[in-house]
Every structure is written in structure tokens, then in C-alpha cells.
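Where is empty space left in a fold, and what lines it? The paragraphs below go through the spaces in this model one at a time.

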Amino acid sequence: MLFIVIHQVYELWFKQVLHEIDHVIVLLDAREPFRAQHSLKRVLTILKVLVAQLDILETMTPLEFQSFRERLEAASGFQSDQFRQLEFVLGTKSQAAIDRFADGGRARAALALRFRAPTLWDAFLRYLSREGYAIPTALLSRDVTARVEPSADLQATLIDLYRRDPQHAEMCERLVDLDEGLQEWRYRHVKMVQRTIGAKIGTGGSSGAQYLATTLMTPIFPDLWEIRSRL
Ligand code: HEM
């Protein structure tokens, strides 16, 4: 019961987070920075809850989990299309992730749509460009299906923004909070996996904790991290 309930709770919050991020993008496009930041704050607050509620699942011992694990068969976190949608809207896109979902299904269609749509970072850069910041044109017209790559020219602009524009620097800090928050969730999830199943393979067919460890420490907004040592 606990295992089912907690996964349903996560999916509900993922739904809300996706809704809020879509709204942040609309607000940035409408040049409404304060309202955008307000919605972003709500996302960050939900993210804290998402990390904290892992404590509840960690009350389940390895033996308790083992007592029903076989019945999960191939069911896995890999089937959470909303988590993949969240990764996509934040810039971590992958065709392979889409291919896991059945052709013609709701999940695949939703993911395919997000794959082709601009990310939160694209919306933010578009917004900054309209505010008069020198955003490289290559970034404004980039292939949005590709991962967000760091850019030296953009970093120069961001350093200038941090030094001279506290309002927008604050918005950048909220994006760093979001990035750090998701990394925190990944870290807590992998520790929970290690304490529950050790080094066993995942029900979704991956190497388990070993695979999950490869997803840690990969920032969503690399430029916002790279400028730190030069501020
Ligand atoms: C004892 C509890 C849990 C265990 C042992 C566990 C284990 C795993 C494992 C081994 C994977 C790697 C994929 C695979 O081969 O299956 C995975 C992925 C994943 N799990 Fe869990 N999990 C647990 C709880 C949760 C909960 C509560 C959530 C909430 C949403 C969740 C969400 C995910 C997601 C989204 C992925 C994909 C991550 C990625 O590819 O980066 N898991 N999990």
C-alpha cells in the first residue's frame, strides 16, 4: 500500500510541477518577471516536499520490499512519463527515453510534444534578450531537441547581469535552486535505492544504483554553475 500510495503522490506533484513550469514559460514570454518568479517559488516549495517524502518510503526495510518486489515484474520508475516530461522541459532531452513508451499511447504523445518544444532555459534566454541582454543568436535559434550546452559568450553576459542587475540575478538564483533541488532528489533517490536493494539490477532492466549514479551531478543550467568561480 505504501509503495503504491507514495508513487501516486509523486505523480500528482509531478503534474502540478509541470503545470507551474509551463505557466512560468508563458509568464516569461509575456514579460511578467515577478509573476514568473512567484510560480517558480511554488515549484521550489513542492520540490522540497518531493525530497522530504522519501523519508517515508525509507521506513520500508529491504526485506519488506523484497516481499513484493517480484510482483512488480518490469514495472519501474522508467515508466514515469511525467518525470521524463519534467526532464525534457528543463532541457534533458532524449529520443531513447521516448522510445520506451508504446507507439500511439498518451505518454508517448505527451513526451514527443515536449521533445520539440523550447525548454524553460530557452524561455528565460528569450526573455533576457527582450530585456536588452546580449544573448548569442545561435542560442536563441538553437535546436531545442538537443541538450543545453554551456556557452562562453552567454556566461560573459550572465556575469555582467549578476554584477549589475540584482532583480534578474535573483531570478537566476531561483533557477539554480531548481537545478540543485532536482539533483538533491536524484541523490536521495539513489541512496534510498542503495539501502533498499543494494547493487541488484533494476526492475526496469538497468544496472540499478550504478545507472542512477550516472545521472547525478549533471546540472540542468550549466552556465549558471560555471560562472560561479568567476563572480
Ligand atoms: C524502494 C523504493 C524504490 C526503489 C528500490 C527504486 C529503484 C529504482 C531503480 C533501480 C531505478 C533504475 C531504473 C530501473 O532499472 O528500474 C529507478 C528509476 C527511477 N525511479 Fe525509483 N525506486 C524507488 C522509489 C521511487 C519513487 C518513490 C519514485 C517516485 C517518483 C521513483 C522514481 C523513479 C524515477 C523517475 C526513475 C527514473 C530515473 C532516471 O532514469 O533518471 N522511484 N528506481
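About 50 Å³ of space lies in the largest cavity. The model is a predicted one, and it holds two cavities of 30 Å³ or more. Rolling a probe the size of a water molecule over the atoms shows where such empty space is left.

The wall of the largest cavity is made by Val-24, Leu-28, Ala-36, Gln-37, Leu-40, Leu-120, Phe-124, Met-171 and Leu-175. By class, eight of these lining residues are nonpolar, one is polar and none is charged. Four helices, α1, α2 (33-52), α8 (120-130) and α11, each supply at least two residues of this lining. The most comes from α2, which gives three residues.

The second largest cavity has a volume of about 30 Å³. Its lining consists of Val-17, Ile-21, Val-43, Leu-47, Leu-86, Leu-90, Leu-178 and Leu-182. The elements that give two or more residues here are α1, α2, α5 and α11. How do the residues of this lining divide by class? Eight are nonpolar, with no polar and no charged residues.

Two of the helices around the second largest cavity, α5 and α11, can also be looked at as a pair. Two packed helices are described by the angle between their axes and the distance between the axes. For α5 and α11, the axes come within 13 Å and cross at roughly 145°. The crossing of this pair is left-handed. On the α5 side, the contact is made by Phe-83, Leu-86, Glu-87 and Leu-90, which meet Leu-178, Leu-182, Trp-185 and Arg-186 in α11. Six residues of this contact are nonpolar, none is polar and two are charged. Leu-86, Leu-90, Leu-178 and Leu-182 take part in the contact and also line the second largest cavity.

The open spaces come next. The largest pocket has a volume of about 1,000 Å³. It is lined by 39 residues, of which His-7, Ser-76, Gly-77, Phe-78 and His-189 are the closest to its centre. Helices that each supply at least two residues of the lining are α1 (2-29), α3 (54-57), α4 (62-69), α5 (81-90), α11 (166-197) and α12 (209-213). By class, the lining has 21 nonpolar, 14 polar and four charged residues.

His-189 belongs to helix α11. Which protein atom is a donor of the iron atom of the ligand? The only protein donor is NE2 of His-189, at 2.2 Å. His-189 is thus named twice: among the residues closest to the centre of the largest pocket, and as the protein donor of the iron atom.

The second largest pocket has a volume of about 350 Å³. Its lining counts 21 residues, and those nearest its centre are Arg-84, Glu-87, Thr-92, Arg-147 and Tyr-211. Two or more residues of this lining come from each of α5, α6 (95-99) and α11. The largest share, four residues, is from α11. The lining divides into eight nonpolar, six polar and seven charged residues. Glu-87 lies nearest the centre of this pocket together with the residues just listed, and Glu-87 is also one of the α5 residues in the contact with α11.

Helix α11 recurs through this account. It supplies lining residues to the largest cavity and to the second largest cavity. It also does so for the largest pocket and for the second largest pocket. In addition, α11 is the place of His-189.

Methods. Residues are numbered from 1 along each chain as its sequence is written. This is a predicted model: local features need pLDDT of at least 70, side-chain atom pairs count only at pLDDT 80 or more; totals for chains, interfaces and linings use all residues. Side-chain values use heavy atoms; hydrogens and water are left out. On a 1 Å grid over the protein atoms alone, a cavity is a set of points where a 1.4 Å probe fits but cannot get out, and a pocket is an open set with protein on both sides within 12 Å along at least five of seven lines; lining residues have an atom within 4 Å of a point. Grid points are joined across faces, edges and corners, and a volume is the space filled by probe spheres set on the points. Ala, Val, Leu, Ile, Met, Phe, Trp, Tyr, Cys and Pro count as nonpolar, Asp, Glu, Lys and Arg as charged, and the others, Gly among them, as polar. Donors are N, O and S atoms within 2.8 Å of the metal (3.2 Å for Na, K and Ca); water is not among the atoms, so sites may look incomplete. Axes are lines fitted to C-alpha atoms, for helices over the stretch in contact, and angles run from 0 to 180 degrees between N-to-C directions. A crossing is left-handed if the near helix is turned anticlockwise from the far one by less than a right angle, and right-handed if clockwise. Contact means heavy atoms within 4.5 Å.
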